[in-house]
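Work through the exercises below with the model open. Each task is followed by its solution.

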Amino acid sequence: MKKLSTILIGFFVVIASVLTGCAGQSAGDGKDSFGDQVGHKIIGIDPGSGEMKLTDKAVQAYGMSNWTVQSGSEATMTASLDKAIKNKQPIVVTGWTPHWMFQKYDLKYLEDPKGIFGKSEEIHTVIHKGFDKKDPNAAKFLDQFFWTANDMGKVMLDIQKGTDPDKAAQKWVDENKEKVAQWTNGVKKVSGKKIKLGYVAWASEIASTNVVSSVLKKLGYDVTMEQLGAGQMWAGVAKGSDDAIVAAWLPTTHADYMNQFKNQVTDLGANLKGTKLGLVVPSYVKIHSIEDLKN
Ligand code: PBE
């Protein structure tokens with residue numbers, strides 16, 4: 001009897017250590033380094049985005065020469081993240097705030113002691129140079145457009161849950177009459193005047209551009225929204241094929257684009273403050289800093 005219980009206890013100890021061993025490994029504290037576990041791969045987004053440029057810089061700065069940054073899109077990145085979280089696997093992605101992924105999942109930013117991803121920054125409204133002379137009325141509204149990450153979050157989450165972007169934006173506009181009244185203070189109604197907005201299909205930009213478009217339509221504008229890549233969007237507002245963008249992440253993320261096109265655009269300032277960018281992992285992952293990726 002004594003023997004049997006010893007064997008049984010031994011058996012349970014083995015089972016328990018196998019189980020905790022596996023769970024620990026997938027959460028990032030097993031024998032392999034975190035880098036080994038994720039195949040030294042960062043799941044990225046569209047190549048033209050500022051975030052991808054900054055991630056390449058980070059790979060250099062933190063001496064992660066054996067890492068690759070896999071490009072894709074916001075949709076492929078969030079799909080990979082979703083799959084990893086469902087299986088409690090380690091993963092590292094390029095992430096930013098505001099984004100619905102922080103509402104849907106338990107995530108954390110890896111510390112960035114070298115400050116490669118910049119400090120907290122802003123989203124700016126940028127118009128084609130001279131648009132404020134061509135249409136001072138629309139420019140006045142664009143200049144007065146300003147909301148919070150919380151406002152944007154509501155529209156984003158609604159869209160993420162399946163509401164049509166146009167409908168989600170209209171709903172927000174209807175429910176936030178006071179804010180909209182501030183944005184349109186002193187702005188006149190027009191009748192079918194054309195305006196063209198460029199944007200990239202990032203969740204944040206889909207939300208903001210649809211809200212701005214919804215207000216412009218209420219003012220009587222005939223709005224065209226043009227979905228582009230990041231580089232095309234900046235080139236578009238620079239050459240005037242688009243009148244405005246509300247998607248300029250400054251001063252860090254889109255610094256290269258702003259530098260390239262600064263003589264062809266006018267920066268109307270922030271429409272949202274307190275954004276953040278960086279490398280993001282699920283909270284169950286044991287590492288804390290980009291520096292931990294080297295190991
Ligand atoms: N983003 C979202 C963009 C700006 C908005 C962080 C993906 C970028 O990296 O350019």
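Of the 295 residues of the chain, 48% count as buried, where buried means under 20% relative accessible area, exposed over 50% and partly exposed in between (1.4 Å probe, protein chains only). The model is predicted: local features need pLDDT of at least 70, side-chain atom pairs count only at pLDDT 80 or more, and totals for chains, interfaces and linings use all residues. Residues are numbered from 1 along each chain as its sequence is written, and side-chain values use heavy atoms, with hydrogens and water left out.

**Exercise 1. Place strand β5 in its surroundings.**

Step 1. Take the elements as DSSP runs, numbered from the N terminus: helices are H or I with at least four residues, strands are E with at least two. The chain has 13 helices and 9 strands.

Step 2. Check burial. In β5 (residues 121–128), 6 of the 8 residues are buried, so the strand is largely enclosed by the rest of the structure.

Step 3. Find the partners; two strands pair if DSSP finds at least two bridges between them. β5 runs antiparallel to β9 (residues 265–282), with 7 bridges. Histidine 128 has valine 265 as its bridge partner there. β5 also runs antiparallel to β8 (residues 244–250), with 5 bridges. Here glutamate 122 is matched with leucine 250.

**Exercise 2. Describe the polar contacts of the ligand with glycine 50, glutamate 51 and histidine 254.**

Step 1. Apply the cut-off: a polar contact is a pair of N or O atoms within 3.5 Å; within protein, one must be able to donate a hydrogen and the other to accept it, and residues adjacent in sequence count only if both atoms are side-chain atoms.

Step 2. Start with the backbone. A ligand oxygen lies 2.7 Å from a backbone N or O atom of glycine 50. For glutamate 51, again through a backbone N or O atom, the distance is 2.8 Å.

Step 3. Turn to the side chain. An N or O atom of the histidine 254 side chain is 2.7 Å from a ligand oxygen.

Step 4. Add the cover. The protein covers 100% of the 280 Å² of accessible area that the ligand has on its own, by the Shrake-Rupley method with a 1.4 Å probe; for residues, only the protein chains shown count as cover.

**Exercise 3. Which parts does the pair of tryptophan 147 and tryptophan 183 tie together?**

Step 1. Tryptophan 147 lies in the loop between α7 (136–144) and α8 (149–160). Tryptophan 183 belongs to helix α10 (residues 177–183).

Step 2. The pair therefore ties together parts 36 residues apart in sequence.

Step 3. Tryptophan 147 is buried at 1% relative accessibility, and tryptophan 183 is buried with a relative accessible area of 1%.
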